[in-house]
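Please open the structure in your viewer and keep the selection tool at hand. The stops below go from the whole chain to single residue pairs.

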Amino acid sequence: MYITSYPLSPSFRRVIVLGLGFVLTHSFLPVRLAAQAGPRTIEIAAADDMKYDKTTIEAKPGEQIRIHLTPKGTMPKIAMSHNVVVLKRGTDAAAFVAAGVSARPTDFIAPEKKAQVIAATPLAGNGESVEITFKVPAVAGSYPYVCTFPGHFVAGMKGTLVVKK
Ligand SMILES: [Cu+2]
């Protein structure tokens, strides 16, 4: 092997070092951006038929997710609004929803049942959209989610967040 040593001026060496530093920093940039891309977004739509178009969400324990809900009906908000309320494992969803039926100021979530809520979007009317970002429980299992607008749960507006490794 034949090695040639070029005499480099200190300032030229500085340029090379800075250039190398620039290349290294920027080649790692996409990786860092990917890591900061934020929570995974789950899109859910709901029409006036009082059903979510997605009734199962799968997530890893402790994962950060964003539920984005878009009602896509035509009825006015006062008569037809939706939310997504994720409940703790083992919650009696029917009893939870029934308790909040007259709790309009708190989006039909009974204040005394608030401790059973893991995450909740606000209510959204047709033409609006709402979202909630939260950390999925660390414990694997099935977590119910419901719409608390009166009558919607019994009409079938519910789903399951399945947490598994
Ligand atoms: Cu609803």
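The tour starts with the whole protein and then turns to its strands.

This is a predicted model, in which local features need pLDDT of at least 70 and side-chain atom pairs count only at pLDDT 80 or more, while totals for chains, interfaces and linings use all residues. Residues are numbered from 1 along each chain as its sequence is written.

Select the whole protein, which has two helices and ten strands; helices (H or I, at least four residues) and strands (E, at least two) are DSSP runs, numbered from the N terminus. From the N terminus on, the order of elements is α-β-β-β-β-β-α-β-β-β-β-β. Of the 165 residues, 25% are buried, that is, with 20 or more other C-beta atoms within 10 Å of their own, these atoms being placed from the backbone.

Next, select strands 1, 3 and 8, which form an open sheet in the order 1-3-8 with mixed pairing; two strands pair if DSSP finds at least two bridges between them. Its edge strands, each pairing on one side only, are strand 1 (40–46) and strand 8 (130–135). Within this sheet, strand 3 (residues 64–71) runs antiparallel to strand 8, and six bridges join them; select His68 to find Glu131 of strand 8 opposite.

Then move to strand 9 (residues 141–146), which is joined by two bridges to strand 5 (residues 85–87), the two running antiparallel. Here Val85 has Val146 of strand 9 as its bridge partner. Strand 9 also pairs with strand 10 (residues 158–163), in the antiparallel sense and over six bridges, and Gly141 stands opposite Val163 of strand 10.

Key: Buried ≥ 20, exposed ≤ 12 C-beta atoms within 10 Å, placed from the backbone.
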